[in-house]
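Q: Please give a close account of one part of this model, the place where two helices of separate chains pack together. Please set that part in the context of the chains as well.

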Amino acid sequence: MARYIRVWGAYIWAIRSLALMLCAIHIVAGQPGFAAEPKFPQPSSRVVDEAALLSAPAKERITGWLEAFERASKRQVVVVTVKDLQGYPIEDFGYRLGRAWGIGEKGRNTGAILLVAPKERTVRIEVGYGLEGELTDAISRAIIEQNILPAFKDGNYEQGIVNGTAAILKVLGWKGDTPGVMRDAPQSAQELPPIPLLIFIILFVIFRFGRSGFFGGRHGRGVWGSRSRGGFSGGGGSFGGGGATGRW
Amino acid sequence: MIRTFFPRASQIFLILFFAMGLAACDINAVPRYDEETKAAWSEVLNQYQRRADLVPNLVETVAGFARQEKETLTAVVEARSKATQMQLPPDILNNPEAFRQFQQNQAALGGALARLLVVVEKYPELKSNQNFLSLQSQLEGTENRITVARRDYILSVQKYNTELRTIPGRWVAGVLYPEAEVKQTFDIAEQAKEAPKVKF
């Protein structure tokens, strides 16, 4: 019996040191470094005007549209102007920016970006996977050539961005300055959960958050995916290189 | 009493440490990364297919305006049929020969299409044709999607191969997934190949 214990002891010791070694190596090895990412501006709002192309009223106006549009459709469109593309092609910069910010609803990937790089004189409409069927490459290109580039060629960036954003929203089913009016809202926006489920959710919310307060320590979404109204954050959508590029 | 207790305690320790070791090493990493590479590969195939599907329409439209560019058009058609007719063996991701063949065929189609778009510059009528413009933007978009899909695939294979070849993952794979093999990835040939610049 004593021999039995001794053998087991040695065995345990071997396994233990092996396990520790594995852990140590795992920590040291870590993740290998993958391809470098460009440095993106902070996603502080739906209109990030790093290149300072927009006046304050125009920025406010576009932000209002984009907010209303997102409330009505759960689709996220953002406008980004950058000082420079850090040497990346705009197609490359665009989809990585979209992924880094997670523009669009998670799983549905319903996001789009109007990206303007005045230094490189390029503009791009970057379209998330889920909107590629509506905001197709051909339509994106038409918007760039008809709504954006004419103004850009005259040096009127603000006008081009305003027109381009309006055109993108229109293609995606927005009807104008009145929020909540959609040409054909996606089904998920219309369908409400059935009443028993609603009751269950309400009870769940009361019991789950009753004491600590609903908005307490929790960050991110509420119970059924509604976003916070004032601020802005990406929903976790992804991009695959759809869209079009224009140069002037 | 002590004798009966002792082996049991050691067994518990054994299991505990073994579990800790396994947890630290993430025994599911290999199959998980494997699935990721498969998904990324499907996207690559999907986008290449999309490009191939655009070709007949594009060729027809260009032929309507520039019939004398027969050579370039034929080259595109031939490259397309070569790329689409290739039978992909099920083990293509582990088969360097087949993988290179696939890559070459697709690069040939990409090159033929790039030449076609250069030739087209000589035909202003064609360049203002709505149908052509639409096809051209779709082709550009698809080429871009191919680039993204390829890069995603390259990254996923890098992750998978690294897991398979570095130490904890290598041991885990050796014991649990002996069939796992290092996968093939794209070299940068096609990415580096820019569409030829047009001189005016």
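A: The answer below takes up the helix pair and then the chains that carry the two helices. The model is predicted.

Two packed helices are described by the angle between their axes and the distance between the axes. Here the pair consists of helix H3 of chain A, residues 90-101, and helix H6 of chain B, residues 130-165. Their axes lie 11 Å apart and meet at an angle of about 60°. Angles of 65 to 115 degrees would count as roughly perpendicular and those under 35 degrees as roughly parallel, so H3(A) and H6(B) are oblique to each other. The crossing of H3(A) and H6(B) is right-handed.

On the side of H3(A), the residues that make the contact are Glu91(A), Asp92(A), Tyr95(A), Arg96(A) and Arg99(A). H6(B) contributes Asn144(B), Val148(B), Arg151(B) and Asp152(B). Sorted by class, the contact of H3(A) with H6(B) comprises six charged residues, two nonpolar residues and one polar residue.

The chain that supplies H3(A) contains seven helices and five strands. Along the sequence, the elements of chain A are arranged as α-β-α-β-α-β-β-α-α-α-α-β. Chain A has 248 residues, and 44% of them are buried. Its accessible surface is about 13200 Å², with 58% belonging to carbon and sulfur atoms. Of the contacts in chain A between residues at least 6 apart in sequence, 70% link residues at least 24 apart.

A single residue of chain A gives a view of a buried position. Thr165(A) belongs to helix H5, which spans residues 157-171 of chain A. Its relative accessibility is 1%, and Thr165(A) therefore counts as buried. Leaving aside residues up to four places away in sequence, Thr165(A) touches Ile62(A), Trp65(A), Leu66(A), Val79(A) and Leu114(A).

The chain that supplies H6(B) has eight helices and zero strands. Its pattern along the sequence accordingly reads α-α-α-α-α-α-α-α. Of the 200 residues of chain B, 43% count as buried. Chain B exposes about 11200 Å², and carbon and sulfur atoms supply 58% of that area. Among contacts in chain B between residues at least 6 apart in sequence, 79% join residues at least 24 apart.

To return to the part requested, H3(A) and H6(B) pack at about 60°, with a right-handed crossing and six charged residues in their contact.

Note on methods:
Residues are numbered from 1 along each chain as its sequence is written. Chains are lettered from A and ligands numbered from 1 in the order in which they are written. This is a predicted model: local features need pLDDT of at least 70, side-chain atom pairs count only at pLDDT 80 or more; totals for chains, interfaces and linings use all residues. Side-chain values use heavy atoms; hydrogens and water are left out. Axes are lines fitted to C-alpha atoms, for helices over the stretch in contact, and angles run from 0 to 180 degrees between N-to-C directions. Helices (H or I, at least four residues) and strands (E, at least two) are DSSP runs, numbered from the N terminus. Angles under 35 degrees count as roughly parallel, over 145 as roughly antiparallel, 65 to 115 as roughly perpendicular and the rest as oblique. A crossing is left-handed if the near helix is turned anticlockwise from the far one by less than a right angle, and right-handed if clockwise. Contact means heavy atoms within 4.5 Å. Ala, Val, Leu, Ile, Met, Phe, Trp, Tyr, Cys and Pro count as nonpolar, Asp, Glu, Lys and Arg as charged, and the others, Gly among them, as polar. Buried means under 20% relative accessible area, exposed over 50%, partly exposed in between (1.4 Å probe, protein chains only). Accessible areas come from the Shrake-Rupley method with a 1.4 Å probe; for residues, only the protein chains shown count as cover.
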